[in-house]
Amino acid sequence: MLSMCLVLMMMVSFIFFLSNMRIVNLTLTRDVHMDRLHYTWIDIGTPNVSFLVALDAGSDLLWVPCDCIQCAPLSGYHSSLDKDLRMYSPAESRTSRHLPCSHKLCQLGPSCKSPKQPCPYNINYYSENTSSSGLLVEDTLYLASSDGRTSVQASVIIGCGRRQSGDYLDGVAPDGLLGLGFGDISVPSFLAWAGLVRDSFSMCFQEDDSGRIFFGDQGVSTQQSTPFVPANGKYITYIVEVERFCIGAKCVGETSMQALVDSGSSFTYLPNDAYKRVTLEFDRQVNYSRYAFLGYPWEYCYKASPLELPDIPTVALMFAVNKSFVVTNPLFLINGKEGELTGFCLAVNSSEENLATIGQNFMTGHHMVFDRENSKLGWSRSDCRDIDTSIPVTTPPHNRPENPLPTNEQQSNPNGHAVAPAVAGKAPNTMDSSAASPSKVVSHFCLFLLLTQFAVIFVG
C-alpha cells in the first residue's frame, strides 16, 4: 500500500522534491518579533480566505480571528508579506456550518442551553493569561497536489476565535494558530481519519530560520526513535522520556525527565534541578567569560570573538537503549550594531514545572517525525533539503467520498470519543493510536500548500 505525504510548507527557504522529481524553490522565514515561531499560509472557506497561522505541536485546535470582540490588530504589519492578514467570517463562507452542541467533539456541550446552538470553545495556553475563545465551525481546508492541477478539500473543525487574551493580543500569532496535537479535533487527526494521509507528520527546521512540514511522512529507515509516553493509558500530547542530559563527554547525573516536544515553544525549558546541573556543567566546559547582556532572558551568556563562531561542547539528550539526540546548535548568537558577533547564550531556560519542553531551537537541523500511528518520535540529522518525499503517483478511488467530518455515530464508537478543545493539547485524548488512523488508508498522491516569503514587523 502506498504511503502518502501531504506537504504544508512553512515560512522558510528550501528545495522541495516533488513526486515527479521536479524541483520547486520556495522561500519562508520566521519572524523574531512574533515570538520566533514558524508560520504558514493556509486557505479556508468558500470563497477561500488566506490566514498566516503559527504552528503548534503542543495544542490541538486550528483557530483564526473571527467576528472579533477582542483580537490582535491585523493592520500595521509591513515587509514582504504578499497578502494582508484577514479575519474569518463563517457567514461569508458557503461551506461553513456551526458545530452544534450535540456533536461528540463539543466538549462544552453539556453547558449549552440547547443541543442545536453553536458549540463554544475556550482554550487556555501555557503562557500566562493567554487564551482563545469563540465558537467551533466546520469548514473546508484547501490543499493542492504536487502537479498544481488537482485541488483537494478537507473538512476540518476551526475555532472561530472571537476573543483572544495575553500573548495573542501582543502580536504572537495575530492571524491564528494551527494546532498539530494528538487530539481528535486537530488537523492531522481529520486528515488521517479521511484517509488522505497516514497518521503521521514531520517538521524540519533549518539554521537560517527556515523549515517545512509534511503530513503523512513517517520518516526514513535510518532514523532513530523513542516512544511517546502515555498518561493514564492515553496519548495526550507528544511527551518523551529523557534518560539523561549530556554535555561533551560527560552525562550529567540526575537529569532524567519527561519532555514535551513542542514546535509552539521557541526555546527549550528544563525543570529547575536539571537546569542547574546541565548549565553548571556547560559553564564548566566552555572557555569564555560570562557576561550579562541586557534584554536577553538567559542566565548563561558569554562574550565571543567577532572573528569566529563559538567553540562549545556538544549538547545531547539520551533516550532508552543509548539513542542520542545531539542538538545541532543550542546557542542564541548576539550581534552588535554592525552585525558583528559579540556574544552568545545557552538558549535554555529553567521552569517550575516537572515537565521539560524541547523547543524549536533544539529541533533545528533535524528531520523530526511525529509518528502518531506508531506512537513514537523519530529523528535524523537533516538540512531539510535532503528529504526525498518522491513516491509513485496514483489517483484515489473514484468511489471515495468527499472528506466529511466523522459523524456522531462514528465518533460514538468505543475508540472515538470527544477530545476537550477547551484545554487544547493538554486535554485527555480518548482516541488510542489504533483508532487514530483509519482502518484502511487509500492510495494517494502528494499534496502541498505553497507559501511565500514574509518578515513581519508590527508598528503600533
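Two residues are said to be in contact when heavy atoms of theirs lie within 4.5 Å. That idea runs through the description below, which concerns a predicted model: local features need a pLDDT of at least 70, side-chain atom pairs count only at pLDDT 80 or more, and totals for chains, interfaces and linings use all residues. Residues are numbered from 1 along each chain as its sequence is written, and side-chain values use heavy atoms, with hydrogens and water left out.

A good place to begin is the predictor's own confidence in each residue, the pLDDT, which goes from 0 to 100. The protein chain has an average pLDDT of 78, and 73% of its residues score at least 70. Some stretches deserve caution. Across residues 9-34 the pLDDT stays under 50, and the model gives this stretch 119 contacts beyond four places in sequence. Residues 389-460 also have a pLDDT below 50, with 224 contacts in the model beyond near neighbours in sequence.

Helices (H or I, at least four residues) and strands (E, at least two) are taken as DSSP runs and numbered from the N terminus. By this count the protein chain holds 5 helices and 31 strands. Burial is judged from relative accessible area: buried means under 20%, exposed over 50%, and partly exposed in between, using a 1.4 Å probe and protein chains only. Of the 460 residues in the protein chain, 57% are buried. Among contacts in the protein chain with a separation of 6 or more, 71% are between residues 24 or more positions apart.

Next come two of the sheets, in which two strands pair if DSSP finds at least two bridges between them. One is an open sheet of 4 strands, ordered β18-β17-β22-β23 with antiparallel pairing. Its edges are β18 (250-252) and β23 (323-327); each has a single partner strand, so one side of each is left without a neighbour in the sheet. From one strand to the next the twist averages 30 degrees, where axes are lines fitted to C-alpha atoms (for helices, over the stretch in contact) and angles run from 0 to 180 degrees between N-to-C directions. Strand β22 (residues 315-319) is joined to β23 by 5 bridges, and the two run antiparallel. Here M318 stands opposite S324 in β23.

Helix α2 packs on this sheet, touching β17 (244-247), β18 and β22, and its direction makes about 155 degrees with that of β18. The helix covers residues 272-285, 14 in number. Which residues of α2 are buried? They are A274, Y275, V278, T279, E281 and F282. Seen down the helix axis, the buried residues of α2 fall within an arc of 160 degrees, so they line one face; the arc is that of the directions from the axis to the C-beta atoms. On the other side of α2, the residues D273, K276, L280 and R284 are exposed.

The other sheet is open and has 3 strands in the order β21-β25-β24, again with antiparallel pairing. At its edges are β21 (301-303) and β24 (331-335), each pairing on one side only. Between β21 and β25 (residues 341-346) there are 3 bridges, and Y302 stands opposite F344 in β25.

Finally, G365 sits in the loop between α3 (360-363) and β28 (366-371). Is G365 buried or exposed? With 9% relative accessibility, G365 counts as buried. Leaving aside neighbours within four places in sequence, G365 is in contact with F205, T328, S380, R381 and S382.

Terms used:
The expected span of a helix is 1.5 Å times one less than its number of residues.
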